[in-house]
Amino acid sequence: MKQEKAYYHLPGLFEFYELYREFLPLYRGHREYFYDWCSIGSIYGAPADCIWGGGRTGFGGNDPREVLALMQEYGVSARLTFSNSLLQEEHLSDRKCNALCALFAQSSGVENGVILHSELLLDYLRTHYPQLYLVSSTTKVLTDFRQLRDETAREEFRYVVPDFRLNKAFEQLDSLTQPQKDKVEFLCNECCWVGCRDRKRCYENVSRKNLGEDCPDHICTAPGAGEGYRFSKAMENPSFIGVEDIRRIFLPMGFSNFKIEGRGLGSALVLEFLLYYMVRPEYQLHVREAIYLDSMLDLF
């Protein structure tokens, strides 16, 4: 069934709070700047020092109440990224993570959610914070289509983010039922090498660091890893999902949810993602200038 609108799930709930404090008023006040076929589905992230965190190490230091207030003001769903894959029973009592869940669970208006990996955490959240919807994390590295199909069949999850290497498996993806398609949230702008076999180990390394373990950094051996993230390089990735892919392929196939990565990157690069995916080309300079000319915002 053809979908009419794409919903973007954007990075940096805490990490890029200052950027969104400038961007969201533009998004509301100048709708003519933005494509009419897309909308913000959620903004995700985690503050610094969250042991439940995963995927990337959170570094946002803003007051969670201010962050939540901003999301509520603009009617945007907030997602806590708690995708640590190595949690044990003793970690579930963590005061900071529980306080965040309690705060976001009691918010009024739009529902908030949690992105997770751990089955232990899933059971805990369903019991203690049933108001929060749950998202199956891409850190599970679901590269086998059968895994994705089974995950989308689980009633616990409202959304499922498969590994980016399933992005172009069109024949298999089209075999999903519409309710399953509604759950799939594609990771659009991954820069990782499609032949990588260390993705799970990379994510586990981040999980260990968030738990406070003294462990060496994961050393990526993929071709070009030393260059770091480049949006231009991501666009050359065979799994990259661009604006025209969304409009001409994914929406007509019945898919409507698209995740933009970038929590571990700078806000200047995240702004480029927002411009590319959401802003009409003739207005991109308008948005860029409005953000850059705010002398209170450090984009670099």
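Let us start with a single pair of residues: H9 has K259, in β8, as its bridge partner. This link belongs to a set of three bridges that join strand β1 (residues 6-11) to strand β8 (residues 257-259), and the two strands run parallel. Strands here are DSSP runs of E with at least two residues, helices are DSSP runs of H or I with at least four residues, and both are numbered from the N terminus. Two strands count as paired if DSSP finds at least two bridges between them.

Before going further, a word on the model: it is predicted, so local features need pLDDT of at least 70 and side-chain atom pairs count only at pLDDT 80 or more, while totals for chains, interfaces and linings use all residues. Residues are numbered from 1 along each chain as its sequence is written, and side-chain values use heavy atoms, with hydrogens and water left out.

Now step back to the whole sheet. It is an open sheet of eight strands with parallel pairing, in the order β6-β5-β4-β3-β2-β1-β8-β7. At its edges lie β6 (159-160) and β7 (185-187), each of which pairs on one side only. Helix α1 (residues 17-29) packs on this sheet, where it touches β1 and β2 (38-45), and its direction makes about 165° with that of β2. Touching, or contact, means heavy atoms within 4.5 Å.

Another helix, α4 (residues 119-128), lies across β3 (77-82), β4 (113-116) and β5 (133-136), and runs at about 165° to β4. Four bridges join β4 to β5, and these strands run parallel; in β5, S136 is the bridge partner of L116. Which way do the residues of β5 point? Y133 and V135 point one way, L134 and S136 point the other way, and all are buried. Buried means under 20% relative accessible area, exposed means over 50%, and partly exposed lies in between, using a 1.4 Å probe and protein chains only.

V76 sits in the loop between α2 (64-73) and β3. This residue is buried, with a relative accessible area of 4%. Leaving aside residues up to four places away in sequence, V76 touches L24, I40, S42, I43, M71, V110 and N112. I40 is 36 residues away from V76 along the chain, and their C-alpha atoms are separated by 7.0 Å.

Let us turn to helices that pack on each other. Two packed helices are described by the angle between their axes and the distance between the axes. Axes are lines fitted to C-alpha atoms, for helices over the stretch in contact, and angles run from 0 to 180 degrees between N-to-C directions. α1 and α11 pack at an angle of about 20°, with their axes 11 Å apart. They are therefore roughly parallel to each other; angles under 35 degrees count as roughly parallel, over 145 as roughly antiparallel, 65 to 115 as roughly perpendicular and the rest as oblique. In α1, L19, Y20, F23 and Y27 meet S267, V270, L271, L274 and M278 of α11.

The axes of α11 (residues 267-278) and α12 (residues 284-292) come within 10 Å and cross at roughly 150°. That makes α11 roughly antiparallel to α12. On the α11 side the contact is made by A268, L271, E272, L275 and Y276, and on the α12 side by Q284, V287, R288, I291 and Y292.

Finally, the overall picture: the protein has 12 helices and eight strands, and of its 300 residues 56% count as buried.
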